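This report describes the fold of one protein chain and the side-chain pairs found within it. Please keep the sequence and the structure in view while reading.

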Amino acid sequence: MKLIALATALLSAGSALGFAPAPMGANRVATSMNAAADELYIDQERRNIMNLILVGSAGVTIAGLGLPYIYFFLPPSAGGGGGGVTAKNALGDDLMAADYLESKKAGDRSLAQGLKGDATYLIVKEDKTLETYGLNAVCTHLGCVVPWSAPNNKFMCPCHGSQYAPTGAVVRGPAPLPLALAHCETGADGKILFSTWSETDFRTDKKPWWN
């Protein structure tokens, strides 16, 4: 009987312990873990926001650096009517046809800034009007700028001896091709304009090699 009474007492004590409230220390641990989880969630949100800010800043920086390079390879914007590019002098000033012709003699061939910024010859005809084409001054051999020699009535390259006729046609190598052409006209505002020559090269009766 004593054994039965002892077993009953032990079972009653175990049941009471099973339904006893958790110790205060355990509650503190659980509360700390929940707070840590909330803080981790907030930190993750902050991290995501910072990542978005960094990505956005990097995109703006890359665009700011990249766009000038893109614009560099685009042809200059139109400087007058007809979609042409305004011819400019060595100082970057627009060339006005009337003033330019007044300052030049018949037969003059002087350099101006043309398509894509290339040095391009403006040609003054005997009647003191501009020729309808300009000549790119870059030698087709190795890219030297070819000067005009008025005494010889030719373009003569000082680098390797290539020579070109007044129209830019090759008269002596090693240059393999004539000087590139560009249309030349006067805009409605009086400015001298260059535009792309895309039709047949009148000197060779062939398609233009520069297009």
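Helices (H or I, at least four residues) and strands (E, at least two) are DSSP runs, and they are numbered from the N terminus. The model described here is predicted. From the N terminus on, its elements run α-α-β-α-β-β-β-β-β-β-β-β-β. The chain thus holds three helices and 10 strands.

**The chain as a whole**

The chain has 211 residues, and buried residues make up 27% of them. Its accessible surface comes to about 13,900 Å², and carbon and sulfur atoms hold 64% of that area. Among the contacts with a separation of 6 or more, 43% are between residues 24 or more positions apart.

**The sheet**

Strands of a sheet pair through backbone hydrogen bonds, in either a parallel or an antiparallel sense. In which order do the six strands of the open sheet lie? The order is 1-10-9-4-3-2, and the pairing is antiparallel. At the edges lie strand 1 (85–86) and strand 2 (109–113), each of which pairs on one side only.

Several of the pairings can be followed residue by residue. Strand 1 is joined to strand 10 (residues 192–196) by two bridges in the antiparallel sense; here Thr86 has Leu193 of strand 10 as its bridge partner. Strand 4 and strand 9 (residues 181–186) are paired over three bridges, again antiparallel, and Tyr133 has His183 of strand 9 as its bridge partner. Strand 3 and strand 4 also run antiparallel and are joined by two bridges. In this pairing, Leu135 of strand 4 is the bridge partner of Tyr121.

Are the residues on the two faces of strand 4 buried or exposed? Strand 4 (residues 133–136) is covered on both faces: Tyr133 and Leu135 on one side are buried, as are Gly134 and Asn136 on the other.

**Aromatic rings**

The structure holds five aromatic pairs. One of them is formed by Tyr121 and Phe155, whose rings are tilted, with 4.8 Å centre to centre and 50° between the planes. Tyr121 belongs to strand 3 (residues 119–123) and Phe155 to strand 6 (residues 154–156), so this pair ties together parts that are 34 residues apart in sequence. Tyr121 counts as buried because its relative accessibility is 4%, and Phe155 counts as buried because its value is 0%.

A further pair is formed by Trp209 and Trp210. Their ring centres are 5.6 Å apart and their planes stand at 90°, so the pair is edge-to-face. The limit that matters here is that planes over 60 degrees apart count as edge-to-face. Trp209 has a relative accessible area of 37%, so this residue is partly exposed.

Ring pairs also link Tyr121, Trp148 and Phe155 into a cluster. Trp148 has a charged neighbour as well: Arg109 lies over the face of its ring, 4.6 Å from the ring centre. In a second arrangement of this kind, the charged end of Arg203 sits over the ring of Phe202, 5.8 Å from its centre.

**Salt bridges**

Side chains of opposite charge can pair when their charged atoms come close. How many salt bridges does a search of the whole structure find? The search finds three, and they are listed below.

| Salt bridge | Distance, N to O |
|---|---|
| Asp94 and Lys88 | 2.5 Å |
| Lys191 and Asp94 | 2.9 Å |
| Arg203 and Asp201 | 2.9 Å |

The bridge between Arg203 and Asp201 involves two buried residues. Arg203 counts as buried because its relative accessibility is 17%, while Asp201 counts as buried because its value is 1%. Salt bridges that share partners join Lys88, Asp94 and Lys191 into one network.

In that network, Asp94 is partly exposed at 31% relative accessibility, and Lys88 is partly exposed at 24%. Which parts of the chain does the pair of Lys191 and Asp94 tie together? Lys191 lies in the loop between strand 9 and strand 10, and Asp94 in the loop between strand 1 and helix 3 (97–103), so the pair ties together parts that are 97 residues apart in sequence.

Terms used
Residues are numbered from 1 along each chain as its sequence is written. This is a predicted model: local features need pLDDT of at least 70, side-chain atom pairs count only at pLDDT 80 or more; totals for chains, interfaces and linings use all residues. Side-chain values use heavy atoms; hydrogens and water are left out. Rings of Phe, Tyr and Trp (its six-membered ring) pair if their centres lie within 6.5 Å; planes under 30 degrees apart count as stacked, over 60 as edge-to-face and the rest as tilted. Buried means under 20% relative accessible area, exposed over 50%, partly exposed in between (1.4 Å probe, protein chains only). A charge sits over a ring if NZ of Lys or CZ of Arg is within 6 Å of the ring centre and within 35 degrees of the ring normal. Two strands pair if DSSP finds at least two bridges between them. Contact means heavy atoms within 4.5 Å. Accessible areas come from the Shrake-Rupley method with a 1.4 Å probe; for residues, only the protein chains shown count as cover. A salt bridge is a side-chain nitrogen of Lys or Arg within 4 Å of a carboxyl oxygen of Asp or Glu.
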